[in-house]
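Student: Could you take me through a single part of this protein up close? I would like to see how one strand sits among its neighbours.

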Amino acid sequence: MLNHVLTKASYRVEGNVIHGSRWALAAATVVGVLVAAAVPSTEVVAAPVFGVAPTAPAGIGYPAGYTPPPPAYGIGVDLGQVVRLSDGTQLTATVRYPTDPVTGQRAPGPFPVIVDYTTYIGLNGVITSAVLGAVKGALDSLHVQLPDNLADLNRIVHQAMSTQDELVRRGYIEVIADVRGTGSSTGEWDPASPRDGQDGNELVNWAARLPNSNGNVGMFGYSFPGVSGMLTAQHSRPDSPLKAMMMMTIPNDVFKHVVSHDGMFSPILLTAIIPAIQFMGVLGPLLNLPLTPQVAVQALIDHLRAALASPDTPLAKLVEGYGNGTYGHKDAWWSARDFGPNMRALVDNDIPTYFVDGIWDLYQDGAFQNYAQLQNIAAGRPQYGPMDPNAPTDPRFQLLMGPWYHVGMGAGPYARIDTDPITIAWFDRWLKGIDNGIDKTPNTLHLIDQTGAGANTTAYPFAAARPTSYRLGAGTLGTDSAGAPDRLNYSPVENPCNRDNFEQWTGGLLQAVLNLFHVNDPCAAGVVGPPSGVAYTGDPVAEPTLVAGPGSLHTYITSSVDEAALQVHLDDVAPDGSAAEITGGAQLATLRTLDEAKTWRTPDGTIYSPEHNLSSADITPMRPGEIVELHIRLRPTFYRLAPGHRLRLRITTGNFPSTLAPLPALPKLLGSTVEIRHDPTHPSTLTIPTAPAAQLHP
């Protein structure tokens, strides 16, 4: 029996909508299989290409022994809802509510409300959920259980499409609303703006007053909807009905974690997502035309005007940024999209927040920073400093971090975990007052490495992982600086078959398809072919060793022109010579000024987590031939080295399309050379936190 009841309007999902989805899935599947078949699995990879992903240990991320309550309700739907904001803007929304599973009638409640505030057409998610719900209902009636990989995909699609079926079936009302200027809401889209936060609070207040609501509201957000959720919380008031949030895959500083990697642009994501959202701004009103004709027509007019008639559209900002203009630096517009200055509101207004993210997500930096900043604020410590490893943590703010890509939270190929029980436990505790123990844990930081091993701990950076320094030598990582400078001829590309290009900065879309076949993308599972750039390799580790936390490459360079662009990769090299990328970083030399308030140092002053100032006022010129000192940030990780494996540092000059120097710099960079110095006078040093695995994994 299908318990999705469509009220106020009915929908049939057929024709080109489903057929187009089939063609897209078929095309992606063919590409995935071809990639898996075309790249040899031997001699090039340090991780298995084929095989079922292990399941993470029980008790990672939620209380040991916890089992969610069984679903007790069906799902009813009110389509075509309109939320009128104080300035006249109209947000379109869908309300999904619990129903009696026998009669199909609305359950009496009262129930808490979950708000999903999305830029991805909320109605599209409702249609997708109805189709998937019908398929799963049919399978359930036949007593057919989905395999783990299909169950993971089903869960991730619901989360990413802002439809939380598992919550509605357990006694929650859900509101799915389109952000101003997107989907079928009227107005002009201003991405990740403070205005979204103000609108979000009006939406939360509206949701709290819905019939059968108990007045408590939570927010769920996956990716961009999570940005909208964070902005809402940061602009909340102490008496807000917003009482808890579940945030998956979100940044901390939108400019640093989405747009620019220390001066090197990341063109894939925004080049794809901004036109896509603006296209959905045309599709959304057409989908909603039968439901809210007047609002849909006005939304279509507003969206077309914003996309075509305005000289300052999001796409125009993107193009101007790539040209290294105003939007290419962290000036006023981007500074308004930094979560840091308003993070205190979540603590002061008591909004418990659980973060879920991946060590190969687009925003792997953001997850750790969100967690550490909230814990520091709650403890009365400097917000941007490292956490105190000896201090207790606040269980209102927790983080689960695993070996996942952007669209694969909790899925293979490295380790899988069902995140729905965590979501249910979190909202049950804070919105229903159920004492399930999730707020009782002293260990609020939950980690899973790429082997599937889990750990629960507290502080970030990790107390057990001590920053360890390795000097660059003549192809070596060790205790001595030696050798002549290594020369790199500038190239904006390297071997394109790498984790950055195929998975991390494309959101893991290909891997999401390959998971259906239990295949690990070969371009991500290992370093394919001869390594690009110059390489420095360390000694084998004697025991299982964790690389855990952020890192830094302190180096001295010269360039033949007045700019330099560097890309850094940290690899795991197996005894047979196969390798896999652990993490990496990038740096534009003229944006090398450190943000001292956010840079972390050891007691002796060694930098192990550099942060840079990236405003236009922070451009620091360099002269051809001048020796320039750089501190290149390596993104944080949680990765296990097996005994006999070695660390390898690789330095290149670019990795398009995942990173690219500003377009005006390309003409002079092309044909240029850069030298990496590592002599006793200029001791280039890699500093990364390491620990015996046994100290973090029980």
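Tutor: Happily; here is a look at strand β19 and its partners. This is a predicted model, in which local features need pLDDT of at least 70, side-chain atom pairs count only at pLDDT 80 or more, and totals for chains, interfaces and linings use all residues. Residues are numbered from 1 along each chain as its sequence is written, and side-chain values use heavy atoms, with hydrogens and water left out.

β19 covers residues 565-573; strands here are DSSP runs of E with at least two residues, numbered from the N terminus. Of its 9 residues, 9 are buried, meaning under 20% relative accessible area with a 1.4 Å probe, protein chains only. That cover extends to both faces: A565, Q567, H569, D571 and V573 lie on one side, while L566, V568, L570 and D572 lie on the other.

Now for the partners, where pairing requires that DSSP finds at least two bridges between two strands. β20 (residues 579-588) runs antiparallel to β19, joined by 9 bridges, and D572 stands opposite A580 there. These two strands make a hairpin with 5 residues between them; in the turn, G577 has a positive phi of about 95 degrees. β19 also pairs with β24 (residues 646-652), again in the antiparallel sense, over 7 bridges. In that pairing, D571 faces R648 of β24. So neighbouring D571 and D572 can be followed to separate strands: D571 is opposite a residue in β24, and D572 is opposite one in β20.

Key
Buried < 20%, exposed > 50% of the residue type's maximum accessible area, 1.4 Å probe, protein only. Helix = DSSP H or I, 4+ residues; strand = E, 2+ residues; numbered from the N terminus.
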